[in-house]
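This report describes the fold of one protein chain, its sheets and a site taken from a record. Please keep the sequence and the model in view while reading.

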Amino acid sequence: MTLLYASTFTKALRRLTANEQKQVKIAAFDLAQDEGGNGLQLHRVEAAPGFWTARVSQDLRLVLHKDGARTLIAYVDHHDAAYRWAERRRLIPHERTGAMQLVQVVERTVEHLVYTERVGEAAPRPTATHRPFAKLSDDELLNVGVPRDWLAAVRAADEMSVDELFDLLPDEAAEALLDVATGGRIEDHVVVPAAPGADPFAHPDAQRRFREVAGVEELRAALDAPFAEWAVFLHPAQRAPVTRDWRGPARVSGSAGTGKTIVALHRAVHLAGRAGARVLLTTFSKPLAAALADKVALMTEALPERRARLTVRSLDQAAYDLYAEAFGQPSLATPSQVRAAITAAVAAGLGEGHDAAFLFEEWDELVDAWGIVDAAGYATVPRLGRKTRLGPRQRERAWAVFAFVRDRLAQRGLVTWAEIYARLTDRLGQGRPLPFTHVVVDEAQDLSVAQARFLAAIGRAGEADALFFTGDLGQRIFHLPFSWAKLGLDVRGRAVVLKVCYRTSHQIRRTADRLLGREIADQDGIGEVRAGTVSVFDGPEPQVTLVEDEAAERDAVVAWLRAALAEGVAADEMALLVRGQGQLSRARAAAKAAGADVPVLTMHEAKGLEFRGVAVMALDEDVLPDPDRLAGVGDIADLKAVQDTERHLLYVAATRARDRLLLAGIRPGSEFLDDLVDGESGQDRF
Ligand SMILES: Nc1ncnc2c1ncn2[C@@H]1O[C@H](COP(=O)(O)OP(=O)(O)OP(=O)(O)O)[C@@H](O)[C@H]1O
């Protein structure tokens, strides 16, 4: 007998009180030990073949589906609601795709259902009804997993009811239809059918909603974290790159909230299942690494062997530790020490014809990043990513400055981050082994050149699938773009794009997407098509508020915070985000005036995080893009790239919000807001 549980069960579980959840878990453990459920009081649900209820307490019932070989824990609720739920369900393999589905019985048309649920709302229904699926054939609908019973109802559905389909249809069908409703093509969503005779529960679409219980420990771990659906139910597009045997470095990308971090976590845990593996799961900052470590702990609670094979660290921390072990503790040079050295060199008359801003960038992006140690190296290095061409004389003059900087740092015993990576890279080149067989990198769009070179060396030295990256080019906020392939990180043919957004409501995602193009290509020409991304839930439209002064902005944010608090959103489930340190006081003042302990963060700090509600403040004309950053661009040809990273920052900030987003600033406001509001300003639109 096999025991499984469904995502409908874990979702239902988290709606119960803590005490009720405890009782349900005890019943579920009993089932795991006695899969027939013989010890529980079982009652057949007459109207639904195969469905049974099992008594948890006087009032609570588990809904099970039993077919002799398998018991599925499908749902849990109070007595009457549990029966009602079961009476409206069928568990059947889809006739076309072969994936097992829990299909809801069609009782009313979608249109009617939506109407009854929305009748109390102020928004009037449009008079002319547009039915986005009316022309789709049976075959087209069946191919994407729409159950036959639902064909007519789907074709009758109007535009306003599209989001309701998510609650009514299997996910694969709902996602396809949502994309079609927003201009996508149904043929892009055809589900690969199962082989004849295959187990319907083994289909990738079935695995996103049903999970076989491998043991009581695994069940305990899953039920202790019923909020962590991501730990169990992966989308087929997420699962495929996790389990695949890659023949080289692979990269998974996708818009914000499409579960890239989740994929990185699962990939790392998957690799740690191999005997002898030593896996480094890494990202760019310590706080994000700590968040990854928490999630790894949750996923490996019942897998101590895998846990032991997995290390989670920020990339800098991992490199620092490796360096310290190989060469002793480094003394790190700060960027301001480097700037001071460059200024001193210029003051001493070196670097004629170049200004300090240009020289700092050249040092940072090229000389230091590539580990160039002498004039000959600088004369011949390909200036990848640098737009301005330099003649031999100009290079000579610039090198005089860099030689000065190198001497000064060396005299003081200081090393830069890039030097740390460069020495580790050389060491790998000399055949010294690394303590890791695999490295999984999240937020990979923000790798520096030196980091990418180091990782490329790991790729060359290790197994074919030693490297796995997740990231989003649209969220690159720290570095200017450069070619990965030229550094030896070639992900061509192994790049995957995720298209289902789990974090952000349809309305917020659609608004934020206006900041970016339909497709973003990296320096190697690998395109990431962002169009066709769908969100799995609906929410209020984001609000843009431009006002006269800071006081008015504060009032607007206070009102927004109070409204959210009144609706039961906790203070720590929201965040106030600003462009930089200089605007933090504005956000703090708003939090204080609202009397709410709301986290206040810069946009950079918010990277990788998520909140139910986000207010992005101080979106003023002279704040975003940051005028100091633009003024500091040494190479005028880099201006567009720097402007892009500022644009990405707003995209990152806006997409931290789950369902409430306020964008506030002082009139006339950041130029990027125009793109969000009217959706027309030179950028490709969705
Ligand atoms: N298969 C899944 N089932 C349920 N929830 C999921 C799934 N995949 C991701 N999520 C949830 O979606 C949210 C976003 O996921 P994640 O942080 O991995 O996205 P991301 O693509 O890395 O986002 P960003 O680019 O903004 O960092 C998280 O709350 C995560 O738990």
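Two residues are in contact if their C-beta atoms, placed from the backbone, lie within 7 Å. Helices (H or I, at least four residues) and strands (E, at least two) are DSSP runs, numbered from the N terminus. This is a predicted model, in which local features need pLDDT of at least 70, side-chain atom pairs count only at pLDDT 80 or more, and totals for chains, interfaces and linings use all residues. Residues are numbered from 1 along each chain as its sequence is written.

**Overall form**

The protein chain has 28 helices and 23 strands. Its radius of gyration, taken over C-alpha atoms, is 28 Å, close to the 26 Å from the globule rule (2.2 Å times the number of residues to the power 0.38) for 686 residues, so the chain is as compact as a globular protein of that length. The C-alpha trace spans about 90 × 60 × 50 Å along its principal axes. Among contacts between residues at least 6 apart in sequence, 76% join residues at least 24 apart.

Of the 686 residues, 46% count as buried, meaning that 20 or more other C-beta atoms lie within 10 Å of the residue's own.

**Sheet with mixed pairing**

Two strands pair if DSSP finds at least two bridges between them. One open sheet of six strands has the order E2-E3-E4-E5-E1-E8, with mixed pairing. Its edge strands, E2 (42-44) and E8 (210-212), each pair on one side only. The twist averages 30° from one strand to the next. E2 and E3 (residues 51-55) are antiparallel and share three bridges; Arg44 stands opposite Trp52 in E3.

**Sheet with parallel pairing**

Another open sheet of six strands runs E11-E10-E12-E13-E9-E14, with parallel pairing. Here the edge strands are E11 (310-314) and E14 (495-498). Neighbouring strands are turned by 15° against each other on average, direction ignored. E10 (residues 279-283) pairs with E11 over five bridges in the parallel sense, and Leu280 stands opposite Thr311 in E11.

**Helices on the sheets**

The table gives three helices that touch these sheets. Angles run from 0 to 180 degrees between N-to-C directions, with axes fitted to C-alpha atoms, for helices over the stretch in contact.

| Helix | Strands touched | Angle |
|---|---|---|
| H2 (residues 18-33) | E1, E3, E4, E5 | about 30° to E4 |
| H3 (residues 79-87) | E3, E4, E5 | about 135° with E5 |
| H12 (residues 260-271) | E9, E10, E11, E12, E13, E14 | about 160° with E13 |

**Nonpolar cores**

A nonpolar core is a set of buried Ala, Val, Leu, Ile, Met, Phe, Trp, Tyr and Cys residues joined through C-beta atoms within 7 Å. The largest has 150 residues, of which Val63, Ile73, Val76, Leu177, Ala268 and Leu281 touch the most other members. Helix H21 (residues 449-461) gives the most to this core, with eight residues. A second, separate core of 49 residues includes Val578, Phe611, Tyr651 and Ala653.

**Recorded site**

An unreviewed UniProt entry lists a "binding site" that includes Ser255 and Gly257; such annotations may be inferred rather than shown by experiment. Ser255 is found in the loop between E9 and H12, and so is Gly257. Ser255 is buried, with 28 other C-beta atoms within 10 Å. Gly257 also counts as buried, with 26 such neighbours inside 10 Å. Not counting residues up to four places away in sequence, Ser255 touches Asp472, Gly474, Cys501, Arg509, Asp513, Arg530 and Thr533. On the same basis, Gly257 touches Cys501, Tyr502, Arg503, Thr504 and Thr655.

Terms used
A residue is buried if 20 or more other C-beta atoms lie within 10 Å of its own, exposed if 12 or fewer, and partly exposed in between; C-beta atoms are placed from the backbone.
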